[in-house]
Amino acid sequence: MALKSGRKLQPSRSRRPQILKNPKAAFALALIFMDALLVALIIAYVPYTKIDWDAYMSQLKQLMKGIMQNNKQVTGFLGGERDYTNLKGDTGPLVYPAGFLYIYSAIRFITGGEVYPAQILFGILYIINLSIVIFIYVKTEVLPWWAIILLSLSKRVHSIFVLRLFNDCFAMTLLHAALAMLLYQKWHLGLVLFSGAVSIKMNVLLYAPPLLLLMLKAMNIYGVISALACAALVQILVGLPFLVSHPIAYISRAFNLGRVFIHFWSVNFKFIPEPVFVSKQFAISLLIAHLGLLAAFAHYKWCRHEGGLFKFLHSKVTSALSSSSSSGLKILKEEHIMTTLFAGNFIGIVCARSLHYQFYSWYVLLLLYQFYSWYFYSLPYLLWKTHFPTVLRLILFVGVEFCWNVYPSNNYSSALLFCLHLLILWGLWSAQSQYPYVEEKLSTRKKEK
């Protein structure tokens, strides 16, 4: 009996060394620790850009207490104002969904509007976000373990989190948390977190088309509807104080898709002549290109093993009309989930005309920096999904980072960034499509567990 019990204890003792010997897990933990030290050094020794935080707090203060308009006192949010068109600050009208208002109100309450404690808070948020992203990379096993270090090498992203304290930090952290839930097939919880990210900043909606396609693959039509209802419920609850009183004002300001663009601050299309850049024809052309690329990738890449997009949609409609059971549903591979989502978002980035103009030129500069955070964390993943050699992948990564650190952007940096984006997109298009579903034996085991 003693020998038997001793043999049973041996595997449990050997588990710890095996986990520690895992190069990806060990390297990931070391990377997070080193990046935490780097963030601490940045907060301690690198001065933040004063106008950023002051602008947020100035706007928020006026949003809370109220402002003077035409010699008339207009109350703020805490004063009972629920008309989004009347919520304004030094930087102009409030143009973000209500989630931004709640989060930065809480931050102002916790920090008292002081920069240093806010930087500490955002530094912690940066490490949380990085940990989630690294978890996604380790889970999908697309990158070699040493390439994960690329996630910590962006000067611009560190600046966005701990020196500029943007709302993108909260939006992207919630988004990455949603993606992590999707890896575990937690579609309803993932949709709730995704909707929470949208309630802070609407750029997250670039993930919506590929996400909807994945939901149709993973669930029956009733599951998709219930998941979308959960996401809609989050938006309703977040915007409820404004939707009840002034719904049109809230929706038009918080989710404005028709904002004006300015050519000078463009990063990816600065090389386009300004008359062409500001024209409606150019905007419509980019929209058509965006939808066309999404449709092409969905038909030839993401739904290739289902016979194409149209055949897949026809099968879903047929199964919904016949009220078939969910026994035919399959579990999606983690790699397929992330590849589809990251590629779909990247297509939106490639076809984005520019940054939207927000009343003050310096504020547009802030949006320029934020734009990079929308896809930086997916860039190493996408590069390793191409068939390019490793040296070319690293050159492309460095090239994109270089273009985003050129200020102000010029015709050459803009054209270079656009060409790099097209090269990455071509690499994704020419890469081999893998079978998207988990093998039936493995999926039945997961269901049994």
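**Exercise 1.** What percentage of the 449 residues of the protein count as buried?

*Solution.* The model is predicted: local features need pLDDT of at least 70, side-chain atom pairs count only at pLDDT 80 or more, and totals for chains, interfaces and linings use all residues. Residues are numbered from 1 along each chain as its sequence is written, and side-chain values use heavy atoms, without hydrogens and water. A residue is buried under 20% relative accessible area, exposed over 50%, and partly exposed in between (1.4 Å probe, protein chains only). By this criterion, 51% of the 449 residues are buried.

**Exercise 2.** State where the pLDDT falls below 50.

*Solution.* The pLDDT is the predictor's confidence in each residue, from 0 to 100. Its mean for the protein is 82, and 77% of the residues reach 70 or more. Residues 67-75 have a pLDDT below 50; beyond near neighbours in sequence, this stretch has 17 contacts (heavy atoms within 4.5 Å) in the model. The pLDDT is also below 50 over residues 442-449, a stretch with four contacts beyond near neighbours in sequence. Where pLDDT is low, the predicted coordinates should not be read in detail.

**Exercise 3.** Locate L240 and determine its exposure.

*Solution.* First, L240 lies in helix α10, which spans residues 221-245. Helices are DSSP runs of H or I with at least four residues, numbered from the N terminus. Next, L240 counts as partly exposed because its relative accessibility is 38%. Finally, L240 joins L233, I236, L237 and V244 in a nonpolar surface patch of about 480 Å². Such a patch consists of residues with over 30% relative accessible area and no salt bridge (a side-chain nitrogen of Lys or Arg within 4 Å of a carboxyl oxygen of Asp or Glu), with nonpolar side chains joined within 5 Å.

Methods: Patch = residues over 30% accessible without salt bridge, like charges linked within 9 Å, V, L, I, M, F, W, Y side chains within 5 Å. Areas by Shrake-Rupley, 256 points an atom, 1.4 Å probe, with all protein chains shown as cover. Helix = DSSP H or I, 4+ residues; strand = E, 2+ residues; numbered from the N terminus.
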